Amino acid sequence: MSAGEFKTVIGLEIHVQLDTDSKMFCRCRSEFGAMPNSNVCPVCLGHPGALPTVNRRAVDLAIRFGLACDGEIQRRSEWARKNYFYPDLPKGYQITQYRHPICLGGRISLASHSETREIPLTRMHLEEDAGKLIHHNTGGAKYTAVDLNRCGTPLLEVVTPAVIASPQEAREFLLVLKQLLQYAGISACNMEKGELRVDANLSLSPAGSRTFGVKTEIKNLNSFRAVTRALKAERKRQQALLQSGNPVTQVTLLWDERAGQLQIMRHKEGSADYRYLPEPDLPDLIITDDQIARQREAMPELPAAKRSRLIYQYGIREYDAMVLTAIPDLADFFEAVAAQVTTPQQAASFISTKLLHLINTRGLGVIGMPLTAEALAELINQLSIGRVSAAMGQPILEAMWESGETAAAIIKRQDCRLIDDELQLLNWIQQTIAAEPEKVADYRRGRENLLNYFIGQLMARAKGRADPRRMKSLLIEALGRDIESED
Ligand code: ZN
Ligand code: MN
């Protein structure tokens with residue numbers, strides 16, 4: 001049986017840490033990186049008699065995200081206790097939502113160049129996080145420490161049905177989800193800090209079959225790379241089992257990113273094992289029309305709307321709009337630049353290629369970069385009026401980034417103005433033609449696309465400073481003259 005004879009179905013559960021100052025059911029701070037066990041109180045430690053109160057902002061953020069995904073906000077939802085024992089869960093249960101979550105349904109659109117695919121959502125619910133176990137293994141001493149600061153941190157869990165067709169599609173879904181969470185102001189989604197964690201389930205069934213195969217679950221994936229790699233490994237493992245006639249058993253797996261391997265963690269519990277019970281310390285969560293209306297009003301412009309607006313307002317290409325809106329800060333930066341230039345499309349391509357490359361390689365982020373919108377706009381304007389060639393854009397940008405000088409100052413100091421002096425240009429053209437006799441002959445025989453090759457050679461000779469229009473016409477003329485003189 002070949003791999004193609006199985007159909008893959010993937011479902012995801014994503015835990016998102018909500019952007020609140022305090023915890024879900026108490027007033028402890030929910031900051032990251034504080035001294036271990038310094039942000040705790042009787043409520044989040046589960047002391048007897050301590051009563052939880054619901055964090056209003058966490059509820060508001062859940063409403064806002066439900067709306068952003070076109071879900072149905074439930075006017076009445078219910079808190080539940082999910083019982084299990086674990087050293088980082090001092091209460092012995094987690095407060096979550098089970099039978100009646102805060103949001104049902106909704107969808108996420110995956111837009112690619114050719115088609116738009118909608119991934120439906122099953123539900124979203126609010127819950128609290130557990131603490132953290134830190135395993136030490138130093139100098140032969142092996143022990144585990146418990147940090148309860150994270151206990152009670154507000155989480156929004158987003159659940160999809162098993163409809164995702166491949167590990168690549170799962171990754172694409174997560175990228176769009178993360179972008180939407182960031183735009184809507186729900187979470188910073190900093191994955192290194194565990195603010196977005198993914199549980200993924202996968203099953204294979206013979207192609208054409210209408211029944212689902214047995215699914216397995218991979219827990220706590222905290223990078224997109226880990227999600228794709230783990231799902232690919234699990235697909236392969238299940239395929240091998242099925243091909244050799246063995247059944248897939250329902251297990252929970254852990255992904256070891258460093259070893260690139262899956263480990264079986266435990267045999268999967270059913271929901272009955274958690275003995276979900278209604279939470280007796282909290283009344284039902286009631287949401288009013290007014291609360292929903294306020295979140296609709298507070299909704300920032302979302303990625304799809306922003307993309308359409310950028311295309312319409314600035315006349316930029318769809319591809320550039322996609323790249324620019326992938327990072328909210330980058331789109332804002334583009335708009336600040338676009339307001340000060342005469343050629344917004346040129347600014348869009350420059351930012352989405354050259355500047356983005358620099359941001360990515362220097363690892364500073366858009367906010368931290370040492371470059372203002374005014375400074376970049378000046379460079380774009382110099383490029384658009386032909387004061388400097390496109391080839392000089394990158395080195396000038398890098399010099400601005402390093403020195404903090406203006407584009408004009410660098411252009412003046414480095415003398416990178418375009419050379420349109422005819423004698424100098426003809427000199428470079430002659431050298432290029434003399435160095436490439438065979439290619440010149442090919443060009444004369446009709447391989448006209450070699451023209452771009454000659455232009456590249458010329459630009460290299462001119463170190464990017466030749467005026468491209470002047471040079472091109474002189475080059476064509478020179479090559480043509482040679483043909484005529486031969487005839
Ligand atoms: Zn607390
Ligand atoms: Mn959960």
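**Notebook: helix packing, metal sites and single residues**

I began with helix H7 (residues 318-325), where Asp320, Ala321, Val323, Leu324 and Thr325 are buried. I should record at once that this is a predicted model, and I read every entry below with that in mind. Looking for what covers this side of the helix, I found that the buried residues of H7 pack against H3, helix H6 (303-314), helix H8 (328-338) and helix H9 (344-362).

**Leu330**

From H7 I went on to Leu330, which lies in helix H8. Leu330 counts as buried because its relative accessible area is 0%, and the cut-off for that class is under 20%. Setting aside the neighbours within four places in sequence, I listed its contacts as Val323, Leu324, Ile351, Leu356, Ile359 and Val366. Two of these names, Val323 and Leu324, had already appeared among the buried residues of H7. I also looked up the separation between Leu330 and Ile367, which are 37 residues apart in sequence and 8.7 Å apart in space, taken from C-alpha to C-alpha.

**Glu169**

Next I turned to H3, one of the helices that the buried residues of H7 pack against, and picked out Glu169, which lies in that helix. Is Glu169 buried or exposed? Its relative accessibility is 12%, so I entered Glu169 as buried. Beyond the neighbours within four places in sequence, Glu169 is in contact with Leu110, Arg117, Ile119, Val163 and Ile164.

**Ala111**

I then looked at Ala111, which has its place in strand E7 (residues 107-111). Ala111 has 37% relative accessibility and therefore goes down as partly exposed. Apart from the neighbours within four places in sequence, its contacts are Thr116 and Met322. For a sense of distance I also checked Ala111 against Gly139: the two are 28 residues apart in sequence, and their C-alpha atoms are 51 Å apart in space.

**The zinc ion**

Which atoms coordinate the zinc ion (ligand 1)? I found the SG atoms of Cys26, Cys28, Cys41 and Cys44, at 2.3 to 2.4 Å. Along the chain these donors follow the spacing C-x1-C-x12-C-x2-C. Of the donors I took Cys28 and Cys44 as a pair, and this pair links distant parts of the chain, since Cys28 is in the loop between strand E1 (6-17) and helix H1 (42-45) while Cys44 is in helix H1, 16 residues away. I noted the arrangement as tetrahedral because the four donor atoms subtend angles of 100 to 113°. The ideal angle for four tetrahedral donors is 109.5 degrees. As to burial, Cys28 has a relative accessible area of 11% and is buried, and Cys44, at 4% relative accessibility, is also buried.

**The manganese ion**

For the manganese ion (ligand 2) I found three protein donors, His15 (NE2), Glu127 (OE) and Glu157 (OE), lying 2.1 to 2.2 Å from the metal. Their spacing along the chain is H-x111-E-x29-E. Because His15 lies in strand E1 and Glu127 in strand E9 (residues 123-128), this pair ties together parts that are 112 residues apart in sequence. I entered His15 as buried, with a relative accessible area of 13%, and Glu127 as buried, with 5%.

**Positive phi values**

I looked up two residues other than glycine that have a positive phi, and Asn37 is one of them, with a value near 60°. Asn37 is placed in the loop between E1 and H1, and at 35% relative accessibility it counts as partly exposed. Cys189 is the other entry, with phi near 55°; Cys189 sits in the loop between helix H3 (167-183) and strand E13 (196-206), and it is buried, with a relative accessible area of 2%.

**Helices H15 and H16**

My last entry concerns helix H15 (residues 437-444) and helix H16 (residues 450-461), whose axes come within 10 Å and cross at roughly 145°. The crossing of H15 past H16 is left-handed. Which residues make the contact? I listed Lys439, Val440, Asp442 and Tyr443 from H15, and Leu450, Leu451, Tyr453 and Phe454 from H16. Sorted by type, the residues of this contact divide into six nonpolar, two charged and no polar.

Key:
Residues numbered from 1 in each chain as written. Chains lettered and ligands numbered in written order. Predicted model: local features only at pLDDT ≥ 70, side-chain atom pairs only at ≥ 80, totals over all residues. Heavy atoms only, no water. Axes fitted to C-alpha atoms, helices over the stretch in contact; angles between N-to-C directions. Helix = DSSP H or I, 4+ residues; strand = E, 2+ residues; numbered from the N terminus. Left-handed = near helix turned anticlockwise from the far one by under 90°. Contact = heavy atoms within 4.5 Å. Nonpolar A, V, L, I, M, F, W, Y, C, P; charged D, E, K, R; others polar. Donors = N, O, S within 2.8 Å, 3.2 Å for Na, K, Ca; no water. Tetrahedral: all angles 85-135°; square planar, octahedral: opposite > 155°, others 65-115°. Buried < 20%, exposed > 50% of the residue type's maximum accessible area, 1.4 Å probe, protein only.
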